[in-house]
Amino acid sequence: MEANKTINSIDEYILQFPSEVQEILQKIRNVIKESAPDAVEKISYQMPTFYLHGNLVHFAANKNHIGFYPAPSGIEAFKHELSEYKSSKEAVQFPKDKPLPYGVISEIVKFRVAENKKKAEAKIKKNK
């Protein structure tokens, strides 16, 4: 990825990588779209982002892994399922040379959708 290039769409982001990485990124994108059909795609923090009542998840290609950023709550709720991967409070690293756990990614996205909807509903009730 060129350091100073501004990315304006997820398509643009994906196209800058080698074809094997593009395939992985497109598959993650499709899994997220299927799991959160009402979410809007955008670029945030120079990463592909899905937004629904706030940021749901981000993902990004790195040298040796695919980073997945489902917020601290997404990492915590699925820490058992993610235990074999390197992770931090806000991110998990999926090695590029191993199959990605697309089913787990889908479940995390669905969890984040429910979480963001609940927060949005609570905010509406609070403001009434």
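These are my notebook entries on the sheet, the core and the salt bridges of this structure, which is a predicted model.

**Entry: the sheet**

I began with the strands and found that six of them form an open sheet in the order β1-β2-β3-β4-β6-β5, with antiparallel pairing. I then looked at the edges, where β1 (40-44) and β5 (86-87) each have a single partner strand, so one side of each is left without a neighbour in the sheet. Turning to one pair of strands, I noted that β4 and β6 are joined in the antiparallel sense over four bridges, and that Ile66 has Phe94 of β6 as its bridge partner.

**Entry: helices against the sheet**

I next looked up which helices meet these strands. Helix α2 lies across β1, β2, β3 and β4, and runs at about 170° to β3. Helix α4 also packs on the sheet, where it touches β3, β4 and β6, and its direction makes about 150° with that of β3.

**Entry: the core**

Which residues have the most contacts inside the largest nonpolar core? I found that this core has 35 residues, and that Leu25, Phe68 and Leu82 are the ones with the most contacts inside it. Among the elements that give two or more residues to the core are α1 (10-15), α2 (19-35), β3 (55-61) and α4 (102-126), and it is α2 that gives the most, with six residues. I followed Leu25 further and, leaving aside residues up to four places away in sequence, listed its contacts as Tyr13, Ile14, Phe17, Phe59, Ala60, Ala61 and Ile66. Ile66 is thus a residue I had already met in the sheet, as the bridge partner of Phe94.

**Entry: salt bridges**

I counted six salt bridges in the model. In one of them the side chains of Glu41 and Arg29 meet, at 2.8 Å from N to O; because Glu41 lies in strand β1 and Arg29 in helix α2, the pair ties together parts that are 12 residues apart in sequence. Is each partner buried or exposed? Arg29 is buried, with a relative accessible area of 6%, whereas Glu41 counts as partly exposed at 28% relative accessibility. Both belong to a network of salt bridges that links Asp11, Arg29, Lys33 and Glu41.

I also looked at Lys110 and Glu107, whose closest N and O atoms are 3.9 Å apart in their salt bridge. These two are three residues apart in helix α4, so about one helical turn separates them. Lys110 is partly exposed at 41% relative accessibility, and Glu107 is partly exposed at 40%.

Notes
Residues are numbered from 1 along each chain as its sequence is written. This is a predicted model: local features need pLDDT of at least 70, side-chain atom pairs count only at pLDDT 80 or more; totals for chains, interfaces and linings use all residues. Side-chain values use heavy atoms; hydrogens and water are left out. A nonpolar core is a set of buried Ala, Val, Leu, Ile, Met, Phe, Trp, Tyr and Cys residues joined through side-chain atoms within 4.5 Å. Buried means under 20% relative accessible area, exposed over 50%, partly exposed in between (1.4 Å probe, protein chains only). Contact means heavy atoms within 4.5 Å. Two strands pair if DSSP finds at least two bridges between them. Axes are lines fitted to C-alpha atoms, for helices over the stretch in contact, and angles run from 0 to 180 degrees between N-to-C directions. A salt bridge is a side-chain nitrogen of Lys or Arg within 4 Å of a carboxyl oxygen of Asp or Glu.
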